[in-house]
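Visitor: I would like to learn how to read a protein model, one feature at a time. Could you walk me through one?
Guide: Gladly; let us put it on the screen first.

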Amino acid sequence: MVKERGRKVISQNRKARHDWSVLDTYEAGIALTGTEVKSLRQGKAQLVDGFATVDDGEVWLRNVHIPEYTEGTWTNHEPRRSRKLLLHRHEIERLVGKIKESGLSLVPMSLYFSDGKAKVELALARGKKAHDKRQDIAKRDMEREIQRAIGRARKGRR
């Protein structure tokens with residue numbers, strides 16, 4: 001059987017960068033059942049309401065929706081069950097310290113297969129306020145307008 005190579009993105013949380021300011025990212029493996037892996041191979045998952053918590057020295061991914069496998073039988077999984085994340089002990093201890101001291105959260109940014117293994121990219125993030133979001137939108141619009149002006153100048157138009 002041929003081994004998978006590279007990175008195949010299953011799902012991304014695009015709204016997360018709008019709602020959170022990302023400080024650091026981590027890659028974690030996920031403990032999944034067989035039907036969950038098959039459902040992910042079909043490219044189905046939703047990270048929108050997902051978050052991660054640290055309970056008793058273990059990191060858990062919560063509220064991520066992986067739909068039931070269509071060809072599954074009575075062994076099918078619960079779509080929104082809590083899933084254990086696989087991280088090194090020193091990474092978990094670092095996360096616990098940062099979460100407790102400064103009120104940060106763990107947000108899933110993307111779900112993907114890396115060399116055939118399911119992985120999740122976790123972001124250590126701080127929630128944005130409404131005025132922060134407005135500033136980001138204004139900054140993005142300004143940069144877009146500058147790029148348009150540069151493009152017009154290169155083409156010789158005003």
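Guide: We will go from the overall fold to the charged side chains, keeping in mind that this is a predicted model.

Visitor: Where do I begin? How many helices and strands does the chain have?
Guide: Begin with the inventory, then read the order. Here the secondary structure consists of four helices and seven strands. Along the sequence they appear as β-α-β-α-β-β-β-α-β-β-α.

Visitor: And the overall form: is the chain compact or spread out?
Guide: A handy way in is to set the radius of gyration against what the globule rule gives. For the 158 residues here the rule gives 15 Å, while the chain has 19 Å, well over that, so it is more spread out than a compact globule. The C-alpha atoms fill a box of roughly 65 × 45 × 25 Å along the principal axes.

Visitor: How much of the chain counts as buried?
Guide: Of the 158 residues, 30% are in the buried class. As for the surface, the accessible area is about 10400 Å², and carbon and sulfur atoms contribute 49% of it.

Visitor: What share of the contacts joins residues 24 or more positions apart?
Guide: Here you ask how far along the sequence the touching partners lie. Among contacts with a separation of 6 or more, 69% are between residues 24 or more positions apart.

Visitor: Now the charges. How many positive and negative ones are there, and how far apart are their mean positions?
Guide: The chain carries 35 positive and 22 negative charges, and their mean positions lie 7 Å apart.

Visitor: How many salt bridges does the whole structure hold?
Guide: A search finds eight. Let us look at some of them, asking each time how the partners are placed in the sequence and how exposed they are. R81 pairs with E36, with 2.8 Å between the closest N and O atoms. R81 sits in the loop between strand 4 (58-62) and strand 5 (83-86), whereas E36 belongs to helix 2 (residues 34-41), so this pair ties together parts 45 residues apart in sequence.

Visitor: Are R81 and E36 buried or exposed?
Guide: The two partners fall into separate classes: R81 is partly exposed at 25% relative accessibility, and E36 is buried at 0%. There is also a network of salt bridges, which links E36, R81 and R83.

Visitor: Which salt bridge can you show me in helix 4?
Guide: Look at D141 and R144, whose side chains meet at 3.3 Å, N to O. The two are three residues apart in helix 4 (residues 130-154), about one helical turn. D141 is partly exposed at 38% relative accessible area, and R144 is partly exposed at 40%.
Guide: Another bridge joins R152 and E145, at 3.7 Å from N to O. R152 is partly exposed at 32% relative accessibility, as is E145 at 39%.

Visitor: What about a charged residue without a bridge? Where is E121, and which side chain of opposite charge is nearest to it?
Guide: For such a residue, check its burial, then the distance to a possible partner. E121 is in strand 7 (residues 117-127). E121 is buried yet has no salt bridge, and the nearest side chain of opposite charge, R7, is 4.1 Å away. The cut-off for a salt bridge is 4 Å, so that distance does not qualify.

Visitor: Which residues does E121 touch?
Guide: Leaving out residues up to four places away in sequence, E121 touches R7, T25, Y26, V107, P108, M109, S110 and Y112.

Conventions
Residues numbered from 1 in each chain as written. Predicted model: local features only at pLDDT ≥ 70, side-chain atom pairs only at ≥ 80, totals over all residues. Heavy atoms only, no water. Rg over C-alpha atoms; globule rule 2.2 N^0.38 Å. Buried < 20%, exposed > 50% of the residue type's maximum accessible area, 1.4 Å probe, protein only. Contact = heavy atoms within 4.5 Å. Areas by Shrake-Rupley, 256 points an atom, 1.4 Å probe, with all protein chains shown as cover. Lys, Arg positive; Asp, Glu negative; His and termini not counted. Charge placed at Lys NZ, Arg CZ, Asp CG, Glu CD.
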